[in-house]
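Student: Please go through this structure with me, one question at a time.

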2 protein chains.
Amino acid sequence: MTAVPSAHTPDPRAGGPARPGPAAHAALSATARATVTAGFWAERRRVNAEVSIPQGPERLAEAGNLENFRLAAARATEGFQGGYPFQDSDLHKWLEAAAWQLGDPGTDADSRDELAKHISEFAELLAGAQEDSGYLNTYYQVAKPEVPHFSELRWGHELYSAGHLIQAAVAHHRTTGRTELLDVAVRLADHIDESFGPEGSGRPHDSIDGHPEIETALVELARETGESRYTELAGYFVDRHGGALSHHTQQGHGRPGYFQDHLPVREATAVTGHAVRQLYLLAGAADVATETGEPELREAVERLWAEMVARQTYLTGGVGAHHSDEGFGHPYELPADRSYCETCAAIASVQFSWRLALLTGEARYSDLIERTLYNGVLCGVSLSGDRYLYDNPLHVRDGYADQEGETPRRVPWFRCACCPPNLMRLLSSLPHYLATASADGGELQVHQYATGTVAAPLAGGEAALRVETDYPRQGRIALTVTATGQDPWALALRVPHWSADTWSVTVNGAAPSADEVALADGWLRLTRAWAEGDTVLLDLDLAPRFTLADPRVDAVRGCAAIERGPLVYCVEGLDQPRLAPGEGLDDLVVDPTAGLGTVERPQLLGGVTAVTATARRRPRPDATRAAPWWPYRPATAGTPDPAGEPVTLTAVPYYAWANRENCAMRVWLPVGE
Amino acid sequence: MTAVPSAHTPDPRAGGPARPGPAAHAALSATARATVTAGFWAERRRVNAEVSIPQGPERLAEAGNLENFRLAAARATEGFQGGYPFQDSDLHKWLEAAAWQLGDPGTDADSRDELAKHISEFAELLAGAQEDSGYLNTYYQVAKPEVPHFSELRWGHELYSAGHLIQAAVAHHRTTGRTELLDVAVRLADHIDESFGPEGSGRPHDSIDGHPEIETALVELARETGESRYTELAGYFVDRHGGALSHHTQQGHGRPGYFQDHLPVREATAVTGHAVRQLYLLAGAADVATETGEPELREAVERLWAEMVARQTYLTGGVGAHHSDEGFGHPYELPADRSYCETCAAIASVQFSWRLALLTGEARYSDLIERTLYNGVLCGVSLSGDRYLYDNPLHVRDGYADQEGETPRRVPWFRCACCPPNLMRLLSSLPHYLATASADGGELQVHQYATGTVAAPLAGGEAALRVETDYPRQGRIALTVTATGQDPWALALRVPHWSADTWSVTVNGAAPSADEVALADGWLRLTRAWAEGDTVLLDLDLAPRFTLADPRVDAVRGCAAIERGPLVYCVEGLDQPRLAPGEGLDDLVVDPTAGLGTVERPQLLGGVTAVTATARRRPRPDATRAAPWWPYRPATAGTPDPAGEPVTLTAVPYYAWANRENCAMRVWLPVGE
C-alpha cells in the first residue's frame, strides 16, 4: 500500500477534476480559482446542491447500491441489487459530486456537515467491502463470486468502476485533504497495478477494461499522490487499445469499434463506437499526453477532437447518434429525431475538451464546452433538479410526446443510473472550468462567464477579478480587477465563435489602445500593468440568429435552427397558440429572411428570453383514404402544399424543453417546403 | 386429432400462400394460376431454385437446426445448437419454400425428386421430434426442458415457430396433396387449440405469443382442412393483443408497443413496434377479416395499411426504420442511412398487402407489392443467390463501406437466419401473386407483369392468356388470349401509379372503344367477348424520373431519388469514374432540371438499364485543423461551397447494389446545396 504524501496542503478552491502535475506539458495550469455567486449557473448549481445531490443517497439506497456494499462487507454471495456490473459506479460518482460540492466555498455549513457525514459513512462502507487484496467491486464479490476477478473484462466494468472510485477519492482529497476515500482508492489502484501489465511483466492480466475510465482516473491519482507509476499504467491501458479484447461478433455492441479496440488510439482517424467509452478513453489519453508530452499521442487526441467536432457533433454539443449501440454515427450522420445524445456523452465531451484546453491553451475547446454545457448537458436534468433524461433528441414528432415508451421522459432515476450522478459531479465542479492561468504565469484566462470571482497566482503576484454579468440573458460581462501585482499581465477573455466579428471591449470606459489588445483564435488578450479597480467591459452579440448545418449533414438539409448567444433554441408545441396542443409542429416552415425577435419571459421556465420567428404552417396531410396513398411524387409535380397559414413561432432554450407537459419539439425547422 | 379431409383434390398450380376459403368475404379469389417462364423474375426465380433453395439443407445442417430435431427426437436435453428459441422456424420456412417450388410446373424432374426427398426426410425428423401431446419446439424440448411449455410467451416463439411449420405443411399439402407434414402440423395446431383460449374456457393459457405468425398460419390451416375452429383461434389471438403479455419495461424491446400489445388491433391508429411482428399480425388479422367479414377488423387493417404506406414506408417499399428494436419509426421518420428495412419486414409487407388485395380487390395493394418486390425484397439476396442482407440501408457513407461491422455485408447465412428462407419461400411462391379472378367470376386481374401464362376459371368458362414482356427493362406488355368462354369478361390490367397518366393500350392493334375500356383506381379494365388470339398491348412509361418525398420526411428533405418504372435506382461509388473509389459520393449535388438518360448495360449486374444524371461535386471539406472547426454556420453566411466540379452520375437499380466491391451508395441525392 502506498502512503499518501502527508505534506499535501490542499487549497480547497484550486484544482478541479483535471489538474496537470508539476512536470506536465500543459499550456495552462489549473491553479486558478473561481466562484459563481449569482446568475444563470449559480441558480443551476443551487438546484444541484439543494435538490439533486441531497436526493442522491436516497436514490442510491432505493436502487440497492448501498445494500450491495453492505452485502460485500458481510462477504455475502447473494442478494445483489440492481443487476448491472457497473452498479457501484453510481455511488462513486455521487461521492465525487459531494466532494466537489464540499469544496465549494459557497456551500453553507449545514450542507457541508451533511455532505461530510454521507461521505464519511460511505467511505466506511467502501472500506468494509474492500477485499484484503484491495479488490473492490460488489457485483463480482456478491453476485458472481465464482467468477475470477478481471476475467470478464469486456463487460465486467471492474476497472471502470474503480476509476470512478479513484476520481471520487481524488476529489475528496483535493478539496478537503482527507484520506479515508483516498486510502481505499490507493489500495484498489495498487491492486490493479499489480494485476495489469504487458505480457512478460509478471502481472497476470495484459488486457483492458471494456469501458475506459481507469485511464483518466489513474493519471489524476498520480497527480494527487505523486506516484508516477499510476500514469505509466494509464499509458499502458491507452496504448493497449487495438486488439486487446477478444471479439466474437462483428456488429453492434460486440464489434471491436464499439470498445475502441479496433485500432490503437494513435492510428484512429475518427471517433467511433460507444460514445462515452470513446470520450472517457480520449480524456485519459489527453491526460497521459499532458503528463508525458508524447507528441504522437497529443497529435492523436487533437486530431480526434477536431474530427468529432467537425463531423459528428450535434448543434447542442451532444454526441452519439445511435440508439442501438449508444454510439457515434458515421461522419455527418446526425439525425435530429433519433439523436441519442446520451447525457453522459455530453459530459464526457466536456471532460475531454477541458483536458485539451489545458494541454493546448486554445480557446475553441472552451467554446465547445460552453455550447455543450448550456445545451447538450443541461437538458439532461429538469429545472427542478429531480428528474433526468438519459437520451436527448432534438426532435419529438407530433402525436408521440405523450406516448409512454415512444419518447424520452424525465424520470427521477434510471435502472442504468449513470447520468444523474454524472450531472451532479459536473455541476458541482463547474467553477473549475471557468478560469486558468498560463503555465508561464503571465496570463489569466477566463473561459466561461458567470458572476463571481476569478483569481490566480501569476508570476508577478496574485491576480483577482470580480465578474458581473447577466450572461447569457445579456451580452455584457463586467470584470473588475480586485488584486494584481506590479508587472503587466494579460487578461485573456474568450470570445465565442458566434461573436467573433461582433464583440466590443472597453478598459476603464475607453477603447484599449492597439498595443494593449489582440484577438487571436478566440482569445481576446488585454495586456497591461493592471491596477486594482480597473474595469473591463466585454460586450458579446446576443442577437438571435438562424443557423445552418454543413450540407453534408443529410438529416437537417433544408432546415435552420435558432440560436442566441451560446443557447440553442427549440420550438415546443405548447408555446404555439395557433396549433392544437402537441400537433402540427412538423408542418411548420420557417422564413429565415423575416428575422427574429426576442421577448423576455421572466416567469417562463425559470426565466428565459424567448425568440419569435415568422413561419407558415402547411396544410396537414389528410390521413383518410381519399388522400394520395403514396407519399412520394415526381419532381415535376411541384410542391404539394405551397401555401399555408402564417404563424408566429415562439422558441425557448433547448435546455429547458420537456419541463412542462409532454409535447412535440423541434430544434431544426424546415426553411423550404 | 383432426383427420385431413381425404376428398381434397389439389390443383398444383392454384392457390398460393393465402387462399380465401369458399365462404370468404374476399373480392378476389386465388383460383387463378400463373407461370413465369422468361424475363426478369424467371431469372431471379431460377437462381432461387438452382442456388438458394438447394443450399438450404446444408446451411441448416451447419447451423445446427437439423441436429436440434434429432436431439429432440432422441429426447436429449443438452446440445441445442444455435441458441435462439425460434431456431426451428428456419427449417419450417425452408420447407415452405421447397413445397412451393415443388408445386411450380417449371421445376424439372430431378429438382423435384431432390426437393421431395428433403421434404420427406425433414417431415420424418419433425414427426420424430414431436411430443405425444403434439407439442414441437426443439428449443424448449432440448435446451430448456425444465421450463413448462408456453410459460415464456414473450420471447419463447413457440407459437411463432408452430405457425411457420403450419404454413409449410399447408404449402406442401396444397401443392402435392401429401399429408406427412400436414399431419404433424395438425397435431401441433390441435395441441395449441387445446392449450389456448379465453379465461374461463378451461384452456390453460389465455395469452399470446410475443411474435405473431400463428394467426395467419391457423387461418390457412382452416382453409386447407375445412376446420373453422382454427380460424376462431386465430381470431382469438388477434383480438387478445392489447395487454395480453406482462410488460416490465417501458422502452425499446420490452415496451408493449414492440409486441403490438399496447392496444387492441381494432384501436391502433398507426403501425408500431417490431416491424415483422406488426406485419405478420396484420396479415393474420386480414386473413381473419377475410374469412369472417367482420367490418371493424377489416376497417382496421385497411386503415393501418394506409397509415403505414403514407407515413412509414421507404421509397423501396422497405419498412422499419429503427436498428435498436427492428421497429417502425414514428410517422415520417425514414432516415436513409439508418434505414433498418429488414428483408423479412419487406416480405411481411408483401404478405400483408396481398391479403388486402384479395380482400378488397384494390390495385394499390399490388402497386406496393410490385415496388416492394423489385426493391425492398430483392435487395436482400445477391444476384448469385447465395449471399444475403438482413438490414437494407438506402445510404452508405463515404469511407465506411469497407469497414467491417460498420455497414451491412452480404453473407452466406446469419446466426439469426430468418431472412434467407423467407426470401426463398417468397420467390418460390411468386407466381401466385401475379393473377386473380374476381369472386363473381367476371374478371381476370393481372397484378404483376412477367412473361408466362395466366389462367383462371371464370364464370363463363376457363380464361387463359399468354404474357410476353421484357418488363421492367421495357414498358410493353403483350397479352394474347389463349382460352376463353363465350361470354364477355373483363381483363383487368394494373397500371402502376407512376404511369397513371402515361399508359396506352391497344386491342388487336387498335385503340379499344370507349365502352370497352375504363381506368379506375389503378385497374385498366378491358371488357369484351374475347376470342382466342386476341392481343392486348399495354405500354407503360419507363422514362426515368426524379422523385421527391413528402416534405414531412425530414431525412431526405432537399433530395431527389431516381426511379424508372418500378425500379428505385441508387448511385454506387464504383460506377462514378471521376471519383476516387468509395469516396466523394456524399459531395454530389444532382441537377433535376437537366434530365436523365438511359444506357443499356447488358453485361452489368446481370443486365441493367443504367440511368445517367447531371450533377456537380462539392469541394471536399478540409479535415485539417485549418478548416473551420465548427460545422454549423449563420444563415447569413451563405453556402460554403457553391461551385463544384461537374459530374455525370451513373445510377443502377437498387436491388443490385452491393453485388460488386464494397463502396459508398446513395438512393437520395441532394438537389440544392
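Student: How many residues does the contact take from chain A and from chain B?
Tutor: This is a predicted model, in which local features need pLDDT of at least 70, side-chain atom pairs count only at pLDDT 80 or more, and totals for chains, interfaces and linings use all residues. Residues are numbered from 1 along each chain as its sequence is written, chains are lettered from A and ligands numbered from 1 in the order in which they are written, and side-chain values use heavy atoms, with hydrogens and water left out. Contact means heavy atoms within 4.5 Å. On that basis chain A gives 72 residues and chain B gives 72 residues.

Student: Which three residues supply the most of the area that chain A buries against chain B?
Tutor: Buried area is the accessible area (1.4 Å probe) that two parts lose on being put together, summed over both. Between chain A and chain B this comes to about 6,600 Å², with 52% given by carbon and sulfur atoms. Of the part that chain A buries, 13% comes from three residues, more than from any other three: Trp629(A), Trp630(A) and Tyr632(A).

Student: How many salt bridges does the rule find across the interface of chain A and chain B?
Tutor: The rule asks for a side-chain nitrogen of Lys or Arg within 4 Å of a carboxyl oxygen of Asp or Glu. Arg397(A) and Asp554(B) meet in this way, at 2.9 Å from N to O. Over all chains of the structure the search finds 104 salt bridges; across the interface of chain A and chain B the number is eight.

Student: Which element gives the most to the side of chain A that touches chain B?
Tutor: Helices (H or I, at least four residues) and strands (E, at least two) are DSSP runs, numbered from the N terminus. Those supplying at least two residues each to this side of chain A include helix H14 (363–377), strand S14 (545–549) and helix H12 (295–311). With six residues, the one that gives the most is H12(A).

Student: What is the N to O distance in the salt bridge of Arg298(A) and Glu302(A)?
Tutor: Both residues lie in helix H12 of chain A, four residues apart, about one turn of the helix. The closest N and O atoms of the pair are apart by 2.9 Å.

Student: In which sense do S14(A) and S20 of chain B pair, parallel or antiparallel?
Tutor: Two strands pair if DSSP finds at least two bridges between them. Here there are three bridges, with S20 of chain B covering residues 632–634. Thr547(A) stands opposite Pro634(B), and the sense of the pairing is antiparallel.

Student: Why is the relation of chain A to chain B that of a two-fold axis?
Tutor: Copies are superposed by least squares on the C-alpha atoms of residues with pLDDT of at least 70 in both. Chain A can be laid on chain B with an RMSD of 0.0 Å and a shift of 0.0 Å along the axis, by a turn of 180 degrees. That is therefore the relation of a two-fold axis.

Student: Which strands stand at the edges of the sheet S1-S4-S5-S9-S12-S11 in chain A?
Tutor: The sheet is open, has six strands and is mixed in its pairing. Two of its strands have a single partner strand each, so one side of each lacks a neighbour in the sheet: S1 (28–29) and S11 (517–520).
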